[in-house]
Amino acid sequence: MVPLHDNNPTRITPYLTYTLIGINVFVFLHELSLSPQQLEQFFYTYGVVPRELTASLSSGDTDRIISQSLTLVTSQFLHGGFLHIAGNMLFLWVFGNNIEDQLGRIKYLIFYLTCGVLAALTQWFFSMQSGVPAIGASGAIAGVLGAYIIRFPKAQILTLVPLGFFLTTIRIPAVFFLGFWFVQQALYGVASLQAPANIGMEGGGIAYWAHAGGFVFGAILGPILGLFSSRNKERFF
């Protein structure tokens with residue numbers, strides 16, 4: 001199922017959401033200019049490599065720890081292909097504007113990046129010795145989805161649904177659309193623990209635990225930052 005848009009208007013122009021999308025696209029265009037060898041090195045340098053993060057924490061080397069910790073942020077702006085970035089940016093476009101509207105731009109930026117970091121750490125916790133770089137905005141965007149489902153559970157999501165060879169659109173309440181998405185990620189994450197060679201980050205290139213973790217942390221962090229506050233007059237704070 002592909003979300004097209006929601007029926008949830010905003011009171012602001014979501015400039016920060018647009019900026020995040022723009023940065024992701026810019027970085028992806030840079031990736032396209034790299035040779036396969038350069039791209040692999042790019043991912044290993046700026047993506048989260050769990051075993052490198054684990055080794056840095058064990059080493060006690062401050063510079064190495066800082067260097068590897070920074071990848072928890074830089075990895076959020078890397079993508080592995082057109083479908084990867086297109087799917088992520090579509091979800092950010094549909095759901096991010098309302099969370100930016102509710103939190104204000106500064107809190108929204110803090111929320112977004114923090115969810116991305118916590119999502120990456122969730123994936124790292126379940127695969128500390130993996131040598132596969134974890135990349136993508138999925139964890140941060142999962143945080144946006146977690147905040148959205150608790151703040152706007154009744155919002156209607158216009159969704160593109162394939163029916164055999166045909167496509168149709170239906171409106172689905174956010175609580176069902178995003179709830180199904182979360183359950184799916186959690187189940188795939190559990191399955192990846194039992195079959196790491198066939199599913200999950202090691203095999204399919206999808207960090208399911210990052211998705212599930214980002215979603216949960218988004219649902220927790222959003223209210224802490226004022227997701228339900230009625231004092232949202234100033235959009236920057």
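**Close-up 1. Strands E2 and E3 pair side by side.** In this predicted model, E2 and E3 run in the antiparallel sense and are joined over 8 bridges. Looking for a place to get your bearings? Try Pro-162, which stands opposite Leu-167 in E3.

**Close-up 2. A hairpin links E2 and E3**. Follow the chain from one strand to the other and you will pass 2 residues between them. Gly-164 sits in this turn, and its phi is positive, at about 65 degrees.

**Close-up 3. E1 pairs with E2.** Here the pairing is again described as antiparallel, with 4 bridges between E1 and strand E2, residues 156–163. Two residue pairs help you trace it: Val-2 has Leu-160 in E2 as its bridge partner, and His-5 stands opposite Leu-158 in E2.

**Close-up 4. Helix H5 packs on the sheet**. This helix spans residues 82–103 and touches both E1 and E2. The direction of H5 makes about 30 degrees with that of E1.

**Close-up 5. The whole sheet, strand by strand.** Step back and you can see 3 strands in an open sheet, in the order E1-E2-E3, with antiparallel pairing. Which strands stand at the edges? They are E1 (2–6) and E3 (166–173); each has a single partner strand, so one side of each is left without a neighbour in the sheet. Neighbouring strands in this sheet are turned against each other by 30 degrees on average, direction ignored.

Definitions and conventions
Residues are numbered from 1 along each chain as its sequence is written. This is a predicted model: local features need pLDDT of at least 70, side-chain atom pairs count only at pLDDT 80 or more; totals for chains, interfaces and linings use all residues. Side-chain values use heavy atoms; hydrogens and water are left out. Two strands pair if DSSP finds at least two bridges between them. Axes are lines fitted to C-alpha atoms, for helices over the stretch in contact, and angles run from 0 to 180 degrees between N-to-C directions. Contact means heavy atoms within 4.5 Å.
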